[in-house]
Amino acid sequence: APEKPALPVIAIPTTAGTGTEADPWTVITKSGAKEKIGYGNDSTYPALSIVDPELMLSVPPRMTAYTGMDAFFHAVESFLNLNRQPANDMLALEAVHLITHYLPELVADPGNLELRTIQAWASTAAGICESIGGCISHHSLEHALSAMNTDLVHGAGLVMLSVPYFTKLAELAPEHFEDLATAMGFEDVEEMPLEERPKAFLAGLADLIKEIGLADEKLSDHGFTQDNVTELTDIAFGTMGGLFPVTPGNMTRKDVEEIFSKAIG
């Protein structure tokens with residue numbers, strides 16, 4: 001615990017991804033230690049946030065996709081978080097809906113101010129969710145990747161982990177995925193058997209990744225091999241292990257190793 005509170009923070013985001021204009025979280029990478037850890041307290045909430053989509057117009061298409069998916073996963077994870085509640089759910093589903101439907105358009109037309117405005121609100125809404133529900137262990141796994149390779153873009157790491165991660169999570173805890181799939185545009189998901197409902201979300205996730213041009217991302221292209229799986233798992237539990245207890249299901253070390261292994265390919 002710090003001896004003194006932080007100085008007042010004024011947040012002016014220039015990307016639509018982290019949502020930190022609406023939450024207290026910082027991320028600190030410790031040099032030479034393979035540690036990338038989220039931290040925050042009451043004093044690290046911004047005292048004032050100015051969200052101006054015009055400041056985001058110069059973000060290149062690929063970085064727009066990376067940051068947009070960071071916001072998407074903030075919303076998805078907070079909706080699945082065991083600390084979820086109604087206000088969190090409302091904003092999370094709003095963000096999931098907007099990003100699914102408009103991020104591909106924005107990547108194709110990055111100078112469109114209306115689309116930038118939609119994405120900026122989706123990111124802020126997901127940031128509010130991080131203050132209520134919060135991320136789950138998907139972010140624990142990505143922070144391990146970024147700790148080992150500090151050049152890896154956070155959103156890219158989340159994308160490359162996402163299909164194996166949420167496939168495993170759906171096996172452990174299939175409930176609530178139908179609401180996410182509905183927000184993404186799928187109809188009549190609630191009429192499917194419970195164990196089948198996550199497949200709609202997973203299909204929508206794969207389609208979204210393809211539509212924004214990130215389907216070609218591979219962890220092997222970022223220097224990761226199967227030899228890294230054990231160490232990555234150690235880092236995920238050792239530095240960001242606090243997100244596992246709020247993750248639905250009981251995700252074990254074996255599960256995490258399997259996710260990393262499949263993501264690396």
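This passage describes helix α9 and the pockets and cavities of a predicted model.

Helix α9 comprises the 12 residues 253–264, and at 1.5 Å a residue these should span 16 Å, a value with which the distance of 17 Å between the end C-alpha atoms agrees. Within α9, the residues Asp 255, Val 256, Ile 259, Phe 260, Ala 263 and Ile 264 are buried. These buried residues lie on the same side of α9, because the arc that they cover around the axis is only 165 degrees. The buried residues of α9 pack against three helices, namely α4 (137–148), α5 (154–172) and α8 (229–240), whereas the face turned away from the buried side carries Lys 254 and Lys 262, both of which are exposed. Just after α9, Gly 265 adopts a positive phi of about 80 degrees.

Open spaces were examined next. The largest pocket has a volume of about 500 Å³, and its lining is made up of 25 residues, with Trp 25, Gly 38, Glu 130, Cys 135 and His 139 lying nearest the centre. Two or more lining residues are given to this pocket by each of the strands β2 (26–30) and β3 (35–39) and by each of the helices α1 (61–80), α3 (113–132) and α4. Of these elements, α3 provides the largest share of the lining, with 3 residues. By class, the lining of the largest pocket divides into 7 nonpolar, 14 polar and 4 charged residues.

The second largest pocket holds about 170 Å³ of space, and of the 13 residues that line this pocket, Met 160, Leu 214, Ala 215, Glu 217 and Lys 218 are the closest to its centre. Helices α5, α7 (197–211) and α9 are the elements that give two or more residues to this lining, and the largest share, 3 residues, comes from α7. The lining of the second largest pocket contains 9 nonpolar residues, 1 polar residue and 3 charged residues.

Enclosed spaces were also assessed, and the count comes to 3 cavities of 30 Å³ or more. The largest cavity contains about 50 Å³ of space and is lined by Pro 164, Thr 167, Lys 168, Glu 171, Glu 258, Ile 259 and Lys 262. Two or more residues of this lining come from each of α5 and α9, with α5 supplying the largest share, 4 residues. The lining of the largest cavity divides into 2 nonpolar, 1 polar and 4 charged residues. Two residues of α9 described above recur in this lining, since Ile 259, which is among the buried residues of the helix, and Lys 262, which is exposed on the face turned away from the buried side, both line the largest cavity.

The second largest cavity, in which about 40 Å³ of space lies, is lined by Ala 16, Met 56, Val 59, Thr 64, Thr 67, Leu 106, Arg 116 and Gln 119. Helices α1 and α3 each supply at least two residues of this lining, and both helices also give two or more residues to the lining of the largest pocket. In terms of class, the lining of the second largest cavity has 4 nonpolar residues, 3 polar residues and 1 charged residue.

Notes
Residues are numbered from 1 along each chain as its sequence is written. This is a predicted model: local features need pLDDT of at least 70, side-chain atom pairs count only at pLDDT 80 or more; totals for chains, interfaces and linings use all residues. Side-chain values use heavy atoms; hydrogens and water are left out. The expected span of a helix is 1.5 Å times one less than its number of residues. Buried means under 20% relative accessible area, exposed over 50%, partly exposed in between (1.4 Å probe, protein chains only). The arc is that of the directions from the helix axis to the C-beta atoms. Contact means heavy atoms within 4.5 Å. On a 1 Å grid over the protein atoms alone, a cavity is a set of points where a 1.4 Å probe fits but cannot get out, and a pocket is an open set with protein on both sides within 12 Å along at least five of seven lines; lining residues have an atom within 4 Å of a point. Grid points are joined across faces, edges and corners, and a volume is the space filled by probe spheres set on the points. Ala, Val, Leu, Ile, Met, Phe, Trp, Tyr, Cys and Pro count as nonpolar, Asp, Glu, Lys and Arg as charged, and the others, Gly among them, as polar.
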